[in-house]
Amino acid sequence: MRRTLPWFAAAFLVAAPFACRSSEEPASPRTTPDTTEASYRRPALIDAHTHLSPFAIPVIRRIMDENGIELMVNVSGGNPSDRGFELSLKMSQILQGRIFHCFNPDWSRVDEPDFAVVEAMRLEQAVSRGFVCLKISKALGLYVRTQNGVLLAVDDPMLDPLWEAAGRLDVPVYQHVADPKAFFEPNDERNERYKELRVHPYWSFHGGDWPSWSEMLDAFERVVARHPETTFIGVHFGNAAEEPDRVARMLDAYPNYFIDIAARVPEFGRHDADRMRRFFIRYQDRILFGTDIGISPRHLMLGSSGEDEPTPDDARRFYAAHFRYFETRDRRIDHPTPIQGDWKIDAIGLPGEVLDKLYRGNALRLLRLTPPSATPPASP
Ligand SMILES: [Zn+2]
């Protein structure tokens with residue numbers, strides 16, 4: 001059943017780019033933390049993977065303040081050719097420098113012969129206005145087609161000028177490739193993500209002319225290998241939460257490769273906790289904390305979405321479930337996004353210095369963010 005959210009009353013009524021997720025299974029209350037360092041104090045967080053509507057500023061501010069988030073990176077910042085771009089900049093201004101943005105290419109121009117060159121110029125323009133990254137959505141590989149109807153390949157050399165520009169401008173490329181493996185399996189009750197696919201049938205990539213999951217991941221790897229001067233962030237745990245060994249192999253092979261954890265705690269949390277703990281310790285300088293939270297005036301998306309409307313209280317449970325996974329050694333806990341699967345996960349209790357890098361240090365360094373707290377107030 002949909003609920004009316006009083007805190008949205010003052011917000012603008014704008015068609016939301018995000019759907020909502022189910023909140024029918026609230027996370028269980030936090031038990032006594034069995035932290036590696038019981039005295040651990042979480043730093044001011046950076047959520048390095050968010051989708052923010054410029055019309056939801058009061059809600060964004062509330063969620064940031066309630067969850068100890070100093071900065072957010074909005075990976076849906078837009079393109080200087082559209083109206084959303086200026087609105088994104090305005091949002092940063094109103095939220096006093098707490099929001100940073102990624103540029104998004106305009107795929108509707110993909111058939112123009114100068115597509116990548118023009119988008120590279122627009123990226124440069126965005127960076128000159130303070131944008132800090134380029135975000136490629138899963139549209140590349142799954143939806144973007146050229147005029148002859150053929151899917152544009154993730155590693156199409158036509159796109160090279162864009163990757164080169166990101167390297168030259170020293171802004172990382174967040175890249176979403178493919179989707180959970182289950183979305184490539186038949187969409188029926190036997191699919192372990194059926195609950196989610198039933199709400200979003202268009203997330204199913206079974207049949208049709210899509211490349212296989214592995215083919216898409218291999219194509220992405222060729223791009224990372226071909227552009228050593230460009231930093232890539234494989235979002236959603238390197239797009240391969242089901243295969244940590246594949247992710248580890250890429251991190252070992254390519255110093256220009258990083259990952260975020262957005263919307264994949266439920267999936268990589270299924271692997272043995274000691275194995276995942278070793279992974280996060282080994283790659284402690286290469287992983288960004290991000291949640292994929294989507295905030296728009298009338299909808300919240302907490303990693304995924306279902307039929308019910310989540311509230312800021314659900315957002316608190318969502319962040320708390322992340323903290324519990326990373327900071328405690330609790331067993332069989334609820335993961336952050338119930339609709340992503342009916343299973344429990346075991347927490348990995350990372351050491352404090354590793355948590356500090358995950359929650360803040362790596363994003364500050366990689367995206368070269370200057371928090372407002374670091375800027376001295378202008379002299380009168
Ligand atoms: Zn996202």
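## Strands β1 to β3

Strand β1 (residues 45–52) runs parallel to β2, and four bridges join the two. This is a predicted model. Leu-45 has Ile-69 as its bridge partner in β2. Between the two strands comes helix α1 (residues 57–66); β1, α1 and β2 together make a right-handed β-α-β unit.

Strand β2 also pairs with strand β3 (residues 99–103). That pairing is parallel too, over three bridges. One of the residues involved is Val-73, whose bridge partner in β3 is Phe-100. How enclosed is β2, which spans residues 69–74? Five of its six residues are buried, so the strand is largely enclosed by the rest of the structure.

## The whole sheet

Ten strands form an open sheet with mixed pairing. The order is β8-β7-β6-β5-β4-β3-β2-β1-β9-β10. Which strands stand at the edges? They are β8 (287–288) and β10 (299–302). Each has a single partner strand, so one side of each is left without a neighbour in the sheet.

Elsewhere in the sheet, strand β5 (residues 173–175) is joined to strand β6 (residues 232–234) by three bridges. These two strands run parallel. Val-173 stands opposite Phe-232 of β6.

## Chain totals

The protein chain holds 13 helices and ten strands. Of its 380 residues, 48% are buried. Contacts across long stretches of sequence are common: among contacts with a separation of 6 or more, 78% link residues 24 or more positions apart.

## The nonpolar core

The largest nonpolar core has 102 residues. Which of them touch the most other members? They are Cys-133 and Leu-134. Among the elements, helix α12 (residues 312–327) gives the most to this core, with seven residues.

Cys-133 has contacts well outside its own stretch of sequence. Leaving aside neighbours within four places, Cys-133 is in contact with Val-73, Cys-102, Val-171, Pro-172, Tyr-174 and Leu-367. Val-73 appears again here: it is the β2 residue that bridges to Phe-100 in β3.

## Helix α9

Helix α9 covers residues 244–253. Its buried residues include Val-247, Met-250 and Leu-251. Seen down the helix axis, the buried residues of α9 fall within an arc of 100 degrees, so they line one face of the helix. On the other side, Asp-245, Asp-252 and Ala-253 are exposed.

What do the buried residues of α9 pack against? Their partners are two helices, α7 (213–226) and α8 (235–238), and strand β7 (257–260).

## Glu-196

Glu-196 lies in helix α6 (residues 194–199). Is this residue buried or exposed? Glu-196 is buried, because 23 other C-beta atoms lie within 10 Å and the cut-off for burial is 20 or more.

Where are its contacts in sequence? Setting aside neighbours within four places, Glu-196 is in contact with Ser-304, Ile-339 and Gln-340. Ser-304 is 108 residues away from Glu-196 along the chain. The C-alpha atoms of this pair are separated by 8.1 Å.

Notes: Residues are numbered from 1 along each chain as its sequence is written. This is a predicted model: local features need pLDDT of at least 70, side-chain atom pairs count only at pLDDT 80 or more; totals for chains, interfaces and linings use all residues. Two strands pair if DSSP finds at least two bridges between them. A nonpolar core is a set of buried Ala, Val, Leu, Ile, Met, Phe, Trp, Tyr and Cys residues joined through C-beta atoms within 7 Å. A residue is buried if 20 or more other C-beta atoms lie within 10 Å of its own, exposed if 12 or fewer, and partly exposed in between; C-beta atoms are placed from the backbone. Two residues are in contact if their C-beta atoms, placed from the backbone, lie within 7 Å. The arc is that of the directions from the helix axis to the C-beta atoms. A crossover is right-handed if, with the strands pointing away from the viewer, the path from the first strand over the helix to the second runs clockwise.
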